[in-house]
Amino acid sequence: MALKAGLVLTGIAIGLLLLYGADVASSINVDGEIGERKDGFLPLNDMQRGIGLGAPALILPIIGFFISLKEPSKGLGMMIVIAGILIIIGGIAVVANPSPESADRDPVGSVVMLFAPAIIQLALGAIKIKKS
């Protein structure tokens, strides 16, 4: 039962990350110019998108790992690794293309806030796979 809960939580996290990425991709200016971005298909600004879609996606795979700690599962380990990879891909995109709205934020803090949970997820996924 705990393994199923971990799989569901991690599946939700992957879904949220894919939805987040799709919304960001659809909000990029078609001309490729830096400037005003059009709205994505979700009526959310960058902060709302990060809090509503990004934060749960950072936390849910870690919760899923600890819920199913005693049960071996390569599938869950792979899902946690996939979530970590998706976060790293999104982090690279954020670092490479900072939005004009976020010009006043600390770039080092942003990188740490994105990559630290991703590295933790990759490590937890590897542990889960190794123990299976």
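F115 sits in helix α4, which covers residues 107–131; helices here are DSSP runs of H or I with at least four residues, numbered from the N terminus. Outside its neighbours within four places in sequence, F115 is in contact with I88, G91, I92 and V95, where contact means heavy atoms within 4.5 Å. Take G91 from that list: its C-alpha and that of F115 are separated by 6.9 Å, with the two positions 24 residues apart along the chain.

A word on the source. This is a predicted model, in which local features need pLDDT of at least 70, side-chain atom pairs count only at pLDDT 80 or more, and totals for chains, interfaces and linings use all residues. Residues are numbered from 1 along each chain as its sequence is written, and side-chain values use heavy atoms, with hydrogens and water left out.

Next, I87, in helix α3. Is I87 buried or exposed? Its relative accessible area is 5%, so I87 counts as buried; buried is under 20%, exposed over 50%, and partly exposed in between, with a 1.4 Å probe and protein chains only. Which residues does I87 touch, leaving aside those within four places in sequence? They are L17, A57, L58, L114, A118 and Q121. For L114, the C-alpha separation from I87 is 7.0 Å, at 27 residues apart along the chain.

L17 leads to helix α1, residues 2–27, since L17 is among the buried residues there, along with G6, L9 and D23. The cover over the buried residues of α1 includes α2 (46–67) and α3 (74–96). Helix α1 has 26 residues and reaches 38 Å from first C-alpha to last, close to the 38 Å expected at 1.5 Å a residue, taken as 1.5 Å times one less than the number of residues.

Technical notes. Helices (H or I, at least four residues) and strands (E, at least two) are DSSP runs, numbered from the N terminus.
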